[in-house]
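Grab a coffee and work through these short exercises with the structure open beside you. Each task comes with a solution that goes step by step.

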Amino acid sequence: MAGQITGQMSAGGSAPQGGDFFLCDIFDAIPKNDLASMEHPLFSLGTRPDRRILNYEHNGAEITVVPSVKGLATIHDKDILIFCISQLMAAVNAGRQVSRTLHLTAHDLLVATNRETSGDAYRRLREAFERLAGTRITTNIVTGGQEVTSGFGLIESWEIVRKARGGRMVNVVVTLSEWIYRAVLSKSVLTLSRDYFRLRKPLERRIYELARKHCGRQDSWQISVETLLKKSGSASPRRVFRKMLRDMIAAQPLPDYALEERPGDIIRFSQKHEVVDPTQRPPVLSEEALEAARALIPGADVYALEAEWRAMWRRSGSPRLRKADAAFVGWVKKRLSD
């Protein structure tokens, strides 16, 4: 198989949706990340092999992440998924046929994610593929309207299809998990700043993900240090985690968002360098409205629903809403009946 690109069959023996494979050939695709992994801690923030079994539960979402002998997939390994999701979403938006099996060029992936293209970078890339395929997840998180209750890998398989003379990978075939692929097909994704790939510290990346997911285009968002620690997936004690947050507050490394510490052990995120037009400001939903949505659709990712509803609100001309909570809950009920 080396030296050529051929159509691939999925692990179950059936052809992936949309055709045999998708060729990653879109230059400068806008970075996209799936909502579920932005909301919930699926990746290790460690820089050394992390072989812990992670258990997480929050607002009805339950996750168990089991490492392989290579350790848990890290948040830097996630660059591979972001690259694949970005390519697929660009194709979907252009009306092209897609598949969960992707053919990609290793060099393009490294460049797109702001990595070196040295021999050592290719070695680290191979190790990232191994961790992504080996890490197993069991969860009830909904993607694309379906609840997954069985274990799966972040990628189903990967294979080097062409090597350079020195053994360096050139072309790679990656088959994404059905879970990730459903997120793409349902457009349960958010755009990332291109500067995300310039963040080298794992915690900075994770905090940016949470800010992008929860603050989004709002003026601000705040969260307790305790809840932020839980949602980040950091293994650090709270006092150490708080110190790292204070270092981030001093350095302000995040694209788009500024951090500040508030009384009551609260961290506030706000937009950087942006003048918000009050007539275009997205409606803010209360926790009560989100809880009502959870009650209506048990197991659903309410933040994905919120993002979908806001997208609908923008498409309809950003109308002024007297009661945003009622409008959101009404939309969720209509969605159930459709």
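**Exercise 1.** Is Asp-79 buried or exposed? Then find its charged partner and say where the two sit.

Solution. Keep in mind that you're looking at a predicted model.
- Step 1: buried means under 20% relative accessible area. Asp-79 comes in at 0%, so it's buried.
- Step 2: look for the partner. The side chain of Asp-79 forms a salt bridge with that of Arg-115, at 3.1 Å from N to O.
- Step 3: place both ends. Asp-79 belongs to helix H2 (residues 78–93), while Arg-115 is in the loop between helix H3 (106–112) and helix H4 (119–134), so the bridge ties together parts 36 residues apart in sequence.

**Exercise 2.** Which parts does the salt bridge between Glu-39 and Lys-231 tie together?

Solution.
- Step 1: check the pair. Their side chains meet at 2.7 Å, N to O.
- Step 2: find the elements. Glu-39 is in helix H1 (residues 35–39) and Lys-231 is in helix H7 (residues 225–232), so this link spans parts 192 residues apart in sequence.
- Step 3: check burial. Both Glu-39 and Lys-231 are buried.

For context, the whole structure has 24 salt bridges.

**Exercise 3.** What is the strand order in the open sheet of three strands, and which helices pack on it?

Solution.
- Step 1: read off the order. It goes E13-E15-E14, and the pairing is antiparallel.
- Step 2: spot the edges. Strand E13 (220–224) and strand E14 (257–262) each pair on one side only.
- Step 3: look at the twist. Ignoring direction, neighbouring strands are turned by 20° against each other on average.
- Step 4: zoom in on one pairing. Five bridges join E13 to strand E15 (residues 266–271), and Gln-222 has Arg-268 in E15 as its bridge partner.
- Step 5: add the helices. Helix H6 (residues 202–214) touches E13, E14 and E15, with its direction at about 95° to that of E14. Helix H8 (residues 238–251) touches E14 and E15, at about 130° to the direction of E14.

**Exercise 4.** How many disulfides does a search of the whole structure find?

Solution.
- Step 1: run the search. It turns up zero disulfides.
- Step 2: try Cys-84 as a test case. The nearest cysteine sulfur, that of Cys-24, is 5.5 Å away, and the cut-off is 2.5 Å.
- Step 3: check its surroundings. Cys-84 has 0% relative accessibility, so it counts as buried.

How values were computed: Residues are numbered from 1 along each chain as its sequence is written. This is a predicted model: local features need pLDDT of at least 70, side-chain atom pairs count only at pLDDT 80 or more; totals for chains, interfaces and linings use all residues. Side-chain values use heavy atoms; hydrogens and water are left out. Buried means under 20% relative accessible area, exposed over 50%, partly exposed in between (1.4 Å probe, protein chains only). Two strands pair if DSSP finds at least two bridges between them. Helices (H or I, at least four residues) and strands (E, at least two) are DSSP runs, numbered from the N terminus. Axes are lines fitted to C-alpha atoms, for helices over the stretch in contact, and angles run from 0 to 180 degrees between N-to-C directions. Contact means heavy atoms within 4.5 Å. A salt bridge is a side-chain nitrogen of Lys or Arg within 4 Å of a carboxyl oxygen of Asp or Glu.
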